[in-house]
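Me: I've got a structure here and want to go through it piece by piece. Can you put it up so we can start?

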Amino acid sequence: MSTVLDHDGPTPGSATPIPEDDALDDAPSDSLPVVIPLDGPAVHLQTPATSGSRRSSRVALALSLLAVGVLAGSGLFIAGFTLGAQHERSPGTSVDDQALFDPFWQAYHKVVDEYVGKFTSKQLVEGSIKGMFQALGDPYSSYMTSEEYKASLSGISGQFEGIGAEMSALDQKGQTCPVLGTDCLLDVVRVIRNSPAQKAGLLAGDVVTAVDAASVTGLTVEQSVAKIRGPRNSAVKLSLLRAGETFDLSITRDVIQSEDVTSSTLANGTVGYLKISGFSSSAAADFQSLLKDQLAGGVKSYVVDLRDDPGGFVDAALNIASQFIGSGPIYWEEHAGGVQAAQLAKPGGIATDPPIRLVVLVNGGSASASEILAGALHDTGRATLVGARTFGKGTIQQWIQLPNDSGGFRLSIAKWLTPDKTWIHGVGITPDVVVPVPDGTPQGQDPQLSKALEVLAGPGSSSSPAAPGGASPAPTSAPTPAGQVRLLLPLAA
């Protein structure tokens, strides 16, 4: 291909022309065009035999300018080729970050090109992402494989596929035990309302001896529950022991929403007891519904039990707090750069009247969203906190699912502060009334709940009414407040 220039200017689509020279206007009409081939370094110039020194000067000038243009074009071509090759070896890396990421790409391509073992590119990518989060040194920011991400998010949302029953491994004394066997039975602790298990006739107190004709002996409660759980519309057969009789029960699994909020009344029906086990996506609506029922029954005093609740969705905590707090900040969010934003109470709370009294139970297992609720009720003077110092988790995580089934991650994107702008991270919240629970406290006794009832009864009261169902509510979870994911004991199947 060639670009042809004559004294009238370049042809359409040609390269930048050589600047015009007034002396060229005096050139004879029979002068030939200058031809510059672009497919080779040679430049061929043809002029009439009658040309003189002046024309030679003009030709020399043209040659010089053309040579400069060719060299400049070559330089640009080489630079462009180099940048293109570099981009191919470091895709997605901006020009400004090339030097920063150069060691990473060198290591990556060295592994890809020369590692003698077996691996997949997906393994390298996932490992790199995991290492990036580990470098943050934040226990609440982490990468998860696709399976881990789905399981963790399911645990927080409170939704799972199964039969809808909570189970625990208990010995003859009613204490938890590690491995199922003759002296360690898989007990049904609770059947979730409107679940497939309830509809099929499963009852609390039933003992599961086998799942799909396979004995549970030698398994842990987690392993047994994993066998009972399964995809919706599939069936599972449980072999049960009830009142000395054995029988089989077939249950069709479905999507279950765990019951994170339960209620009862204490002190002869004068005190409402609301236990929150987790802040799932349905917790706020369930709490409001149960609270509304008790208010309709004339209850004016409440115990909200947040003990061993490792948290969950912050929106659920805000919505529950808004049932008691009519206006103002529930908590503050502080994002990168120190910018603070108040998260205000939602209007329409059903228990904001001051005559409605409230005590909140907390302990070292109360974390995250539990602390948001406890901190809001405490700082606004809406409730008295009773129990032990909380865990102390003052950050909010965002969950992101990565494309191409590459898992996901949670990242700390904000600090949260109480209404008084106190950051409780690593410190926790100290209750107004500290009540330790000594080791060896007999089962069925709950000194913290007893103290809560005393506070509601008024100063100087020595009453100690019975807990729900005539017994003190024992903690039902082995919390892992260092993260948002929890393992409930009893486990939901």
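Me: What is the relative accessible area of Arg-190?
Reply: Heads-up first: this is a predicted model, so local features need pLDDT of at least 70 and side-chain atom pairs count only at pLDDT 80 or more, while totals for chains, interfaces and linings use all residues. Residues are numbered from 1 along each chain as its sequence is written, and side-chain values use heavy atoms, leaving out hydrogens and water. On the accessibility scale, buried means under 20% relative accessible area, exposed over 50% and partly exposed in between (1.4 Å probe, protein chains only). Arg-190 is partly exposed, and its relative accessible area is 21%.

Me: Which residue forms a salt bridge with Arg-190?
Reply: A salt bridge here is a side-chain nitrogen of Lys or Arg within 4 Å of a carboxyl oxygen of Asp or Glu. For Arg-190, the closest N and O atoms of the pair are 2.4 Å apart, and the partner is Glu-259.

Me: How many residues apart are Glu-259 and Arg-190?
Reply: Helices (H or I, at least four residues) and strands (E, at least two) are DSSP runs, numbered from the N terminus. With the 2.4 Å salt bridge between them, Glu-259 sits in the loop between strand 12 (254-257) and strand 13 (261-266), and Arg-190 in strand 7 (residues 185-191). So the bridge links distant parts of the chain, and the separation is 69 residues.

Me: Is Glu-259 buried or exposed?
Reply: Look at its relative accessibility, which is 11%. That falls under 20%, so Glu-259 counts as buried.

Me: How far apart in sequence are the parts tied together by Arg-193 and Glu-259?
Reply: Arg-193 is partly exposed at 48% relative accessibility. Its side chain meets that of Glu-259 in a salt bridge of 2.4 Å, N to O. Since Arg-193 lies in the loop between strand 7 and helix 5 (196-200), and Glu-259 in the loop between strand 12 and strand 13, the parts tied together are apart in sequence by 66 residues.

Me: Which residue forms a salt bridge with Lys-275, and in which strand is that partner?
Reply: The closest N and O atoms are 3.8 Å apart, and the partner is Asp-305. Lys-275 is in strand 14 (residues 271-276), 30 residues from its partner, and Asp-305 is in strand 15 (residues 301-305).

Me: What is the relative accessible area of Asp-305?
Reply: Lys-275 is buried at 12%. Asp-305 is buried too, and its relative accessible area is 1%.

Me: Which residues are joined into one network by salt bridges that share partners?
Reply: Asp-305, just discussed, is buried at 1%. The shared-partner network is made of Glu-166, Arg-190, Arg-193 and Glu-259.

Me: Which strands are the edges of the open sheet of six strands?
Reply: Two strands pair if DSSP finds at least two bridges between them. The sheet runs in the order 13-14-15-18-19-22, with mixed pairing. The edge strands, each pairing on one side only, are strand 13 and strand 22 (433-434).

Me: Which residue in strand 15 does Lys-275 stand opposite?
Reply: Strand 14 and strand 15 run parallel and are joined by five bridges. Across from Lys-275 in strand 15 is Asp-305.

Me: How many residues of strand 6 are buried?
Reply: On one side of strand 6, Ala-165, Met-167 and Ala-169 are buried, and on the other Glu-166, Ser-168 and Leu-170 are too. Strand 6 (residues 165-170) is therefore largely enclosed by the rest of the structure, with the buried count being six of the six.

Me: Which residue in strand 25 does Glu-166 stand opposite?
Reply: Strand 6 runs antiparallel to strand 7, joined by six bridges. Strand 6 is also antiparallel to strand 25 (residues 491-492), with two bridges. In strand 25, the residue opposite Glu-166 is Ala-492.

Me: What is the phi of Asn-233?
Reply: Asn-233 lies in the loop between helix 6 (221-228) and strand 10 (235-242). At 62% relative accessibility, Asn-233 counts as exposed. Although Asn-233 is not a glycine, its phi is positive, at about 70°.

Me: Where does Lys-421 lie?
Reply: Lys-421 also has a positive phi, near 65°, and is a residue other than glycine. Its relative accessible area is 42%, so Lys-421 is partly exposed. The place to look is the loop between strand 21 (408-417) and strand 22.
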